[in-house]
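The following exercises ask the reader to derive local descriptors from a set of atomic coordinates. Each task is followed by a worked solution.

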Amino acid sequence: MIRSVGCGRRLRWQLGVAVLTALLLGGCGTLQTRSGKPGASPADPAAARQALARGDAALRSGDASRAMIEYAGAAQLDPANAEARYRIGALYETQRDFTGARQAYTDALAVLPEHAAANEGLGLILLRETQYDAAQRHLQRAIAVDALRWRAHNGLGVIADLEQRPQDAIAHYTAAIELQPGNAALHNNLGYSRYLDGQYRLAEAAYHQALRHDPNYALAWANLALVRLRLGDYAGSVEAFAETLPPHQAYNNVGYLLYLEGNYEEARRYLERAVALSPSYYAVAQENLQRLQSAARDGSGSRRATMHWESRLRL
């Protein structure tokens, strides 16, 4: 969840007080978009473009503070320059200052509502804030203007998954993968949607593709373990969990999931194996065995709990 932060955190770079006073308005650092002061300098688009170029050069050299100064200067020189405000937002976002990024993207869209990158950036921040309807509007506008915005496609896929529209999610993830074929997270997301749609073999293939691009991707290993369990490959599920977890935890996870599905006999085998692998301190498996004994008596296995556990493995 994104928390609101104070004005003091909005700029994380060491900008001089004189520079801030010259380039920014107000206590919270909102960029001045137009001047109502008598005798104010007229807009200078050419100088603004030069400032943007200097900012880009500073950013390539690793000087984010100088880049911010130049981008803010470009916005001051040309109030109609949406790109300057977008780049300020992108800089805030790299510093994980999502409040600052959101305001800058909003400022950019006030100047140019069809700015694809600003729509994408704002949409993804709104998605983080669980404002799904607003996020979807901005992300859809982004790809309507520029179909190559793969992050917008990914965000729309996430929203579709959350709204239980796996076919729409699959379409968006597929479009994103066509633009970023080596992105392991996109293949993982595609696998998740196929899993939700009951396409278990295709989901398994997508997770393998994710791991081909990033063999250490823990989330893809966990999701692969889940789909193998759904396919009845319990040993394979343990193997997948064990890629990122100690063996006793891998056996416990499989045993616990089998318990939640009501497969008590198999659950017992895997939970007992977890205890055997770590009898001295692995109390979790012991507790799960006790739950299993109670469930076997009253039939209280919970499919709803299984789905909740799966959702936590979502990117």
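A residue counts as buried when its relative accessible area is under 20%, as exposed when that area is over 50%, and as partly exposed in between. The coordinates belong to a predicted model.

**Exercise 1. Classify His-138 as buried or exposed, and list its contacts.**

Solution. Step one is to place the residue: His-138 belongs to helix 7. Step two is to apply the cut-off: the relative accessibility of His-138 is 17%, so the residue is buried. Step three is to list the contacts, leaving aside neighbours within four places in sequence: His-138 is in contact with Leu-109, Asn-119, Glu-120, Leu-122, Gly-123 and Leu-126.

**Exercise 2. Determine how the axes of helix 5 and helix 6 are arranged, and which residues meet.**

Solution. Helix 5 spans residues 98-111 and helix 6 spans residues 116-128; their axes come within 9 Å and cross at roughly 140°. Therefore helix 5 is oblique to helix 6, given that only angles over 145 degrees count as roughly antiparallel. The crossing of helix 5 past helix 6 is left-handed. On the helix 5 side, the residues in contact are Phe-98, Ala-101, Arg-102, Tyr-105, Thr-106, Ala-108 and Leu-109. Their counterparts in helix 6 are Ala-118, Asn-119, Gly-121, Leu-122, Ile-125, Leu-126 and Arg-128.

**Exercise 3. Characterise helix 10 by its span, its burial and its two ends.**

Solution. Begin with the span: helix 10 covers residues 184-196, and its 13 residues reach 19 Å from the first C-alpha to the last, close to the expected 18 Å. Next, consider burial: eleven of the 13 residues are buried, so helix 10 is largely enclosed by the rest of the structure. Among the buried residues are His-187, Asn-188, Asn-189, Tyr-192, Arg-194 and Tyr-195. Then inspect the start of helix 10, where a side-chain oxygen of Asn-183 lies within 3.0 Å of the backbone nitrogen of Ala-185. Finally, helix 10 is followed by Gly-198, which has a positive phi near 80°.

**Exercise 4. For Thr-130 and Gln-164, state the sign of phi, the location and the exposure class.**

Solution. Take Thr-130 to begin with: its phi is positive, about 60°, although the residue is not a glycine. Thr-130 sits in the loop between helix 6 and helix 7. Its relative accessibility of 39% makes Thr-130 partly exposed. Turn then to Gln-164, another residue other than glycine, with a positive phi near 60°. Gln-164 is located in the loop between helix 8 and helix 9. At 71% relative accessibility, Gln-164 is exposed.

**Exercise 5. Describe the surroundings of Asn-81.**

Solution. Asn-81 occupies the loop between helix 3 and helix 4. Its relative accessible area is 9%, so Asn-81 is buried. The side chain of Asn-81 reaches the backbone nitrogen of Ala-84 at 2.9 Å. Not counting residues up to four places away in sequence, Asn-81 touches Ala-48, Leu-52 and Val-111.

**Exercise 6. Compare the sequence separation of Val-238 and Asn-252 with their spatial separation, and describe the environment of Val-238.**

Solution. The two residues are 14 residues apart in sequence, while their C-alpha atoms are 8.9 Å apart in space. Val-238 is part of helix 13, and its relative accessibility of 7% classes Val-238 as buried. Not counting residues up to four places away in sequence, Val-238 touches Ala-250, Tyr-251, Val-254 and Tyr-270.

Conventions: Residues numbered from 1 in each chain as written. Predicted model: local features only at pLDDT ≥ 70, side-chain atom pairs only at ≥ 80, totals over all residues. Heavy atoms only, no water. Helix = DSSP H or I, 4+ residues; strand = E, 2+ residues; numbered from the N terminus. Expected span 1.5 Å × (residues − 1). Buried < 20%, exposed > 50% of the residue type's maximum accessible area, 1.4 Å probe, protein only. Polar contact = N/O pair within 3.5 Å; in protein donor to acceptor, adjacent residues only side chain to side chain. Axes fitted to C-alpha atoms, helices over the stretch in contact; angles between N-to-C directions. Parallel < 35°, antiparallel > 145°, perpendicular 65-115°, else oblique. Left-handed = near helix turned anticlockwise from the far one by under 90°. Contact = heavy atoms within 4.5 Å.
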